[in-house]
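Visitor: I have a structure on screen and would like to learn how to read it. Where do we begin?

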Amino acid sequence: MTTVAAVHTALPPHRYPQDRLTEPIGDLCLAPGADRALLRRLHASSGVRTRHLALPIERYAALRDFRESNEAWLTAGLDLAGRALTTALDQAGLAPADVDLLVCASITGVAAPSLDARLAGRIGLRPDVKRLPVFGLGCAAGAAGLARVHDYLRGHPGGTAVLLTVELCSLTLQKGDGSRANLVAGALFGDGAAALVARATGTRPEAGPEAPSGPAVVATRSHLYPDTEHLLGWDVGAGGFRVVIDPGVPALVRSHLGAQVRGFLAEHGLDTGDIGAWACHPGGPKVLEAVADALALPDDALTPSRRSLAAVGNLSSASVLHILQGFTEAHRPAPGTWGLVLAMGPGFASELVLLRW
């Protein structure tokens, strides 16, 4: 089976209360003298209390174009990626040379050689490490990446694989763009990187102090929703990545997610009431409300997601790993607890990973 050995999130040092970001982000996005009522409402209702940014907030106005933003993504991203990965490996009792596969997901910047290739020599990965850089899955990549790591480890007994997600969302904010989507992104998204270390163990959980301490992956499921490509993603132009967030996303979630999740769980003799640990991507308050409604969840089921959103904002693909980290540390479920990792992203697509502690 695939067992999660460790999860660690690395955050930039520039941490701000939400109310200290509202006006500076307004200065970046809105024309002088423009009405800021919508901006302020979005920031106040976002469910975010604090966020970490890749750069000090005053530095963003000096970024002249996509090239400079992308260079900042590469510099800060490599630092955060190295911190997340080395710490997770240390927590798992492993060395960089033990890694057989590195899956690296990011949708907030591009580079060739990719982040994983640039990172390998810095931290001591083996020259023959298998690498899989992933772009385009967006917020779903945390769950989808864990699923693909599981696929690999099923065929490599004794292997070790790492999922690394690096998302510096603040560097995609479009200056001079007062659209609702850009303002929503400016209110919700934060920056960070997360690493998950997984190992292929025997058919029974290992015992002893060196055994992986996290949950086992039981099953995974991917789902694409037809004719929904327009709902979420990037509009790529000269200024870089202009966010697309359609207001119809919560309605789609309410209409379709319940049947998908219940059908997946039923294949394993389970229902939503059997899940004791929900690691649901915190897309925002309206999306979390739609998930809770679609699945008829009790009020406290998505508390870990709301806690993560409040503390660091929406970290795109890193968010579900940030939530999982909480389940492996302060809020560790009891043995035998079922868990579900749930994330949605461009496509429009959803990803499910069934866990058991």
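Guide: Begin with burial. This is a predicted model. Of the 357 residues of the protein, 59% count as buried. The cut-off for that word is under 20% relative accessible area.

Visitor: How much accessible surface does the protein have, and what share belongs to carbon and sulfur atoms?

Guide: The accessible surface comes to about 14,700 Å². Carbon and sulfur atoms hold 53% of that area.

Visitor: What secondary structure does the protein contain, and how many elements of each kind?

Guide: Count helices and strands separately. The protein has ten helices and 13 strands. Its radius of gyration is 19 Å, close to the 21 Å that the globule rule gives for 357 residues, so the protein is as compact as a globular protein of that length. Along the principal axes, the C-alpha atoms fill a box of roughly 65 × 45 × 35 Å.

Visitor: What share of the contacts joins residues 24 or more positions apart?

Guide: Take the contacts with a separation of 6 or more. Residues 24 or more positions apart account for 80% of them.

Visitor: Which domains does UniProt list, and where?

Guide: Treat these as record annotations. The unreviewed UniProt entry lists "Chalcone/stilbene synthase N-terminal" at residues 3-198. It places "Chalcone/stilbene synthase C-terminal" at residues 221-356. Now compute on each span. Residues 3-198 are 40% helix and 22% strand, with end C-alpha atoms 6 Å apart. Residues 221-356 are 36% helix and 28% strand, and their end C-alpha atoms lie 15 Å apart.

Visitor: Let us take one strand. How many residues of strand 6 are buried?

Guide: Check each face in turn. Strand 6 spans residues 160-168, and nine of its nine residues are buried. On one side sit Thr-160, Val-162, Leu-164, Val-166 and Leu-168. On the other are Ala-161, Leu-163, Thr-165 and Glu-167. Both faces are covered.

Visitor: Which strands pair with strand 6, and in what sense?

Guide: Read the bridges and their direction. Strand 4 (residues 101-105) runs parallel to strand 6, joined by five bridges. There, Ala-105 stands opposite Thr-165. Strand 7 (residues 191-200) pairs with strand 6 in the antiparallel sense over nine bridges. In that pairing, Val-166 has Ala-193 as its bridge partner.

Visitor: Now a helix. Which residues of helix 9 are buried?

Guide: List the buried positions, then look for what they touch. In helix 9 (residues 303-312), the buried residues are Pro-304, Ser-305, Ser-308, Leu-309, Ala-310 and Val-312. They pack against two strands and three helices: strand 3 (50-53), strand 11 (275-280), helix 6 (180-188), helix 8 (285-295) and helix 10 (319-328).

Visitor: What comes just after helix 9?

Guide: Look at the backbone angle. Gly-313 follows the helix and takes a positive phi of about 80°.

Visitor: How many disulfides does a search of the whole structure find?

Guide: The test is a sulfur pair within 2.5 Å. The search finds zero disulfides.

Visitor: Why is Cys-169 not bonded to Cys-139?

Guide: Use the distance. The closest cysteine sulfur to that of Cys-169 is in Cys-139, 7.2 Å away, so the gap is too far for a bond. Cys-280 is in no disulfide either, and its nearest cysteine sulfur, in Cys-139, is 11 Å away.

Visitor: Are Cys-169 and Cys-280 buried or exposed?

Guide: Apply the burial cut-off again. Cys-169 is buried, with a relative accessible area of 9%. Cys-280 counts as buried at 0% relative accessibility.

Technical notes: Residues are numbered from 1 along each chain as its sequence is written. This is a predicted model: local features need pLDDT of at least 70, side-chain atom pairs count only at pLDDT 80 or more; totals for chains, interfaces and linings use all residues. Side-chain values use heavy atoms; hydrogens and water are left out. UniProt positions are given in the numbering used here, feature names are shortened, and annotations may be inferred rather than shown by experiment. Helices (H or I, at least four residues) and strands (E, at least two) are DSSP runs, numbered from the N terminus. Buried means under 20% relative accessible area, exposed over 50%, partly exposed in between (1.4 Å probe, protein chains only). The radius of gyration is taken over C-alpha atoms; the globule rule is 2.2 Å times the number of residues to the power 0.38. Contact means heavy atoms within 4.5 Å. Accessible areas come from the Shrake-Rupley method with a 1.4 Å probe; for residues, only the protein chains shown count as cover. Two strands pair if DSSP finds at least two bridges between them.
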